[in-house]
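Hi everyone, thanks for making time this morning. I'd like to walk you through one structure, so have a look at it first and then we'll talk.

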Amino acid sequence: MSPTAADFEHATCPIPIADYPHVLLAHGGGGRLSQMLVERMFGAAFSNPALDERHDGAVLDLPQGRVALTTDAFVISPLFFPGGDIGSLAVHGTVNDLAMCGARPAALTAAFVIEEGLPMDDLWRIVRSMAAAARGAGVPIVAGDTKVVDRGKGDGVFITTTGVGVVPAGVHVSPRLARPGDRVLLSGAIAQHGVAILSVREGLRFETEVRTDSAALNGMVAAMLDVGGDRVHVLRDPTRGGVSSALNEIAQAARVGIHIDESAIAIAEPVRGACEILGLDPLYVANEGKCIAIVAPEAANAVLAAMRAHPAGAEAAIVGGVREGPAGKVFMRSRIGGERVVDMLSGEQLPRIC
Amino acid sequence: MCLGVPGRVTTIEENALGMTMGTVDFGGIRKEVCLAYVPEVKVGDFVIVHVGFAISRVDEAEAAKVFDLLREMGELAELDIPQPE
Amino acid sequence: MKFVDEYRGEAETKQLVAALRVRVTRPWTLMEICGGQTHTLIKFGIDRMLPEGIELVHGPGCPVCVTPLEQIDRAVEIARRPGVIFTSFGDMLRVPGSRTDLLSVKAGGGDVRIVYSPLDAVKLARANPARQVVFFAVGFETTAPANAMAVHQAAHLGLENFSILCSHVLVPPAMEALLSAEDNRVQAFLAAGHVCTVMGYHEYPAIAARYRVPIVVTGFEPIDLLQGILMAVTQLEEGRAEVENQYTRSVTFRGNEPAQRLLAEVFEVCDRAWRGIGGIPRSGWRLRAKYAGFDAESRFDVSGTTAPESPLCIAGQILRGLKKPHECSAFGVQCTPEKPLGAPMVSTEGACAAYYQYGRRG
């Protein structure tokens, strides 16, 4: 009998905190303490038929079709931030990577490298969050691994997730498929995640809470592909490096020019305010719940409608188009009517005073 | 040199060290700002903020003048000079 | 956002550009002397909207770019000392010293932290009494009042573990140095709106008269810059050489007097070396004797070496507006934002970085 979401919503930590307030090396050692962690915490929170077998690996019955596989490591600090944490980020991130391949996510795995001394309650909070995120996306976590490293050799916890999914027949997405005439669609307001993280980093704290936009996009993408089929040419989630990196990579892969309009790109006022005072360009700031779609012109409006019908795409808009050239470059028409190049960012964008 | 962003003063108080501080709102994001250099400022005023300090109070009347000037220019342009497009 | 969005309107932009087109009858060379203004001009594509004949050259308005090599080296040396928390504005972290930069020190285990305000550095000092907290006090007159307040506060609190590595530079002496150079091509100046917000513009009439150049105090938004350029060009066309204020919503003739009072209390004028330009007399600020205890240079006894700049880097000519970034042979080749040879490519306010970022490859 699998526990339901309600069982974990407000559940207290299943590992007796009084005995083990912090994660110990032994919790990753493979012995009794390890087993307690696996059984009582991970196994209970993530429970699903494949995982419950407690095999060395999960055996899955997947639908016919091309298999998509992806992996990601999450090393974010701080572990907890407004609207999410490293756990929910990991689940959403990997689910989205599969969705961006055009795949329907089938299963996830999660490997934890925990730093000795991490408060057990923090780990429990992260695990609960992952379980909720996985349930929300409808994708089970079917296998995992736990290691504990010496204090000082980790950053609280690192999580690596792998995802597997199946690409339905009739779906062909790839950055190389962008072609002149296609429309560029963006699912909503940008720069939310990056600002949310900065807002809890020391020295740059704001008094207003900006929540991450971290969310699972597989539901929205499935609806988009149902409507657009193979006229959806490219799907990409603009994570690190922001919208700019994603569009530049596509422009280079497809050897096309991408032209966007600044006034079509949505951004929440507080996020804009934060970027202004820190001197950050929102085009380079990370997003974790947004999707770029490059769609054949005849299907653009229908795909847009499918996005807007979904909660994750309520503010979706057509923000530009693809042209022959200049190949490999991205241009933006600024609000004042001028044109600027949107180049790849080098290194990390630093807040500036000038 | 020198990123100065306008924001609206929402609170003013003296901190434990006797320095005038305030909360300034930038389009919904709020940040604590030192108001020591704008002693004349009141809640609701706009200030230009650079590295956590208000360096001036925005003169709203002067701010409007830029657009009055543009309006005048526009009217003149309509009267005699054909505007190149 | 109020007082921002109104100054980024397409209709007003078109109007000002059209007015410029009508006004210009001869070629003119204007200089803007603030990195923030350079950034806006290139980012919004304003330099490309200007009619033929109006040339904008970019002055040494990037305090990050003009911080002397020796000062970066001192910063690196201090940041490496055990027990030091080295704090700085974000811009400074990637500026190359003679061998390395602060970001690399951080990667190598140094405790280097970005702060938004100098007061954050003071907070860190109070919270970490066993550590020495050093703040890299870089900037023009706009930033100096904040740095002065940090020192003043630290003195008031009797903090023994706070100090600043000071590298303040002043705009008017730099303008005079540029204008008095034999190869000067600048015919009019757009003065830096936020520097003037602090200092006022009462120092400029003498400069305008002495060198016969119009000076227009200008803001930072697209409409501000276009209006400032229009005012400067109008003066040039009419043969005037006066000081005007475009940025009246923030700048007054006398400037911010409470700020000036604290500046006078904490700092005194000194000679300063400007990276790429050389020494300019009486062009910097240093801590007064009363506050000399907060000077990191003496507290940490850092000598600083005189190291040569890359022979390929023509930062000096860029900063004086004699060459444009894409006219440098190393631009985009040996010198890129990933591997910068000099400061104007590293700082996002530097002309070279702005040109590279916004695709002005020549």
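**One helix and its neighbours**

Okay, let's start with helix 7 of chain A: its buried residues pack against helix 4, strand 4, helix 5, strand 8 (232-236), strand 10 (292-295) and helix 10 (300-308) of chain A. Keep in mind that this is a predicted model.

So which residues of helix 7, which covers residues 218-228 of chain A, are buried? They are Asn218(A), Met220(A), Val221(A), Met224(A), Leu225(A) and Gly228(A). Now imagine looking straight down the axis of helix 7 of chain A: those buried residues fall within an arc of 155°, so they line one face of the helix. And just after helix 7 of chain A comes Gly229(A), with a positive phi of about 55°.

Now let's zoom out. The domain assignment splits out domain 1 (20-167) and domain 2 (175-341) in chain A. Their C-alpha centres in chain A are 28 Å apart. How many residues does each domain bring to the contact? Domain 1 of chain A brings 19, and domain 2 of chain A brings 21.

Let's stay on the domain 1 side of that contact. In chain A, helix 4 (86-100), strand 4 (104-115) and helix 5 (120-137) each give at least two residues to the side of domain 1 that touches domain 2. Helix 4 of chain A has the largest share of that side, with 8 residues. Sorted by class, this side of domain 1 of chain A has 10 nonpolar, 8 polar and 1 charged residues.

And remember, helix 4, strand 4 and helix 5 of chain A were also on the list of packing partners for the buried residues of helix 7. That's my tour, thanks!

Methods:
Residues are numbered from 1 along each chain as its sequence is written. Chains are lettered from A and ligands numbered from 1 in the order in which they are written. This is a predicted model: local features need pLDDT of at least 70, side-chain atom pairs count only at pLDDT 80 or more; totals for chains, interfaces and linings use all residues. Domain bounds come from an automatic or database domain assignment. Two residues are in contact if their C-beta atoms, placed from the backbone, lie within 7 Å. Helices (H or I, at least four residues) and strands (E, at least two) are DSSP runs, numbered from the N terminus. Ala, Val, Leu, Ile, Met, Phe, Trp, Tyr, Cys and Pro count as nonpolar, Asp, Glu, Lys and Arg as charged, and the others, Gly among them, as polar. A residue is buried if 20 or more other C-beta atoms lie within 10 Å of its own, exposed if 12 or fewer, and partly exposed in between; C-beta atoms are placed from the backbone. The arc is that of the directions from the helix axis to the C-beta atoms.
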